[in-house]
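Thanks for making the time this morning. I would like to walk you through one model, so please have a look at it on the screen before I start.

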Amino acid sequence: MPQQGTSTTLFRLLASCLGLLLLLLLPHQLPAQCIDTHEPGCRHPAEAGMAQRHCIDPTKYWQCNALGDPAQLKYCRPNMGFDQDLNACVPWIAWVWQPCKEPVSRPPGWEAC
């Protein structure tokens, strides 16, 4: 009959092996956090000349100058944020956070998170 110390050591060894096996079975690359800037595709007439808020940094916005061209990233002046209701940069004291609006179109090859 094995002694108490031997069975405890054997149990720990088996538990360690099982834990290592579980770690090896986990996916190797977990998906990264989705960062969606809401860049418009500039492929719909409603987007021409329209500004779209950059969803990560409110001091930036996207501008579609021509249909089919990539949106250009623009910056507000210092101490201002882009207000999507006014389609203009406003002083921070007047800026209010709102959820980003989905663009009418997305760039070619864009995939949802």
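Let me begin with a term: by a salt bridge I mean a side-chain nitrogen of Lys or Arg within 4 Å of a carboxyl oxygen of Asp or Glu. On that criterion the structure holds 4 salt bridges, and I will come to several of them in a moment. Please keep in mind that this is a predicted model, in which local features need pLDDT of at least 70 and side-chain atom pairs count only at pLDDT 80 or more, while totals for chains, interfaces and linings use all residues. Residues are numbered from 1 along each chain as its sequence is written, and side-chain values use heavy atoms, with hydrogens and water left out.

First, the overall layout. The protein chain has 1 helix and 5 strands, where helices (H or I, at least four residues) and strands (E, at least two) are DSSP runs numbered from the N terminus. Read from the N terminus, the elements follow the order α-β-β-β-β-β. Of the 113 residues, 26% count as buried, and here buried means under 20% relative accessible area, exposed means over 50%, and partly exposed is what lies in between, with a 1.4 Å probe and protein chains only.

Now back to the salt bridges. Which residue does D36 pair with? Its partner is R106, and the closest N and O atoms of the two are 2.8 Å apart. This pair links distant parts of the chain, since D36 sits in the loop between α1 and β1 and R106 in the segment after β5 (88–91), 70 residues apart. R106 counts as buried because its relative accessible area is 8%. E102 also forms a salt bridge with R106, with the closest N and O atoms 2.9 Å apart, and through shared partners D36, E102 and R106 are joined into one network.

A further salt bridge runs between D57 and K60, where the closest N and O atoms are 3.7 Å apart. With a relative accessible area of 22%, D57 is therefore partly exposed. K60 also lies 4.5 Å from Y75, C-alpha to C-alpha, although the two are 15 residues apart in sequence. Y75 belongs to strand β3 (residues 72–75), and its relative accessible area of 55% is why it counts as exposed.

Let me turn to the open and enclosed spaces. On a 1 Å grid over the protein atoms alone, a cavity is a set of points where a 1.4 Å probe fits but cannot get out, a pocket is an open set with protein on both sides within 12 Å along at least five of seven lines, and lining residues have an atom within 4 Å of a point. Volumes are the space filled by probe spheres set on the points, which are joined across faces, edges and corners.

How many residues line the largest pocket? There are 15, of which M50, A51, Q52, K101 and E102 lie nearest its centre, so we meet E102 again, the residue that bridges to R106. The volume of this pocket is about 220 Å³, and strand β1 (residues 51–53) gives the most to its lining, with 3 residues.

As for enclosed space, the structure holds 1 cavity of 30 Å³ or more, and the largest cavity has a volume of about 40 Å³. Its lining is made of R53, F82, D83, Q84, W95, V96, W97 and Q98. Two of these, W97 and D83, are 14 residues apart in sequence and 8.5 Å apart in space, C-alpha to C-alpha. W97 is placed in the segment after β5, and it counts as exposed because its relative accessibility is 56%.

Finally, two backbone details that you may want to look at on the screen. C42, in the loop between α1 and β1, has a phi near 55°, a positive value in a residue other than glycine. Is C42 buried or exposed? At 0% relative accessibility, C42 counts as buried. N79 likewise has a positive phi, of about 65°, although it is not a glycine. N79 is found in the loop between β3 and β4 (80–83), and at 64% relative accessibility N79 counts as exposed.
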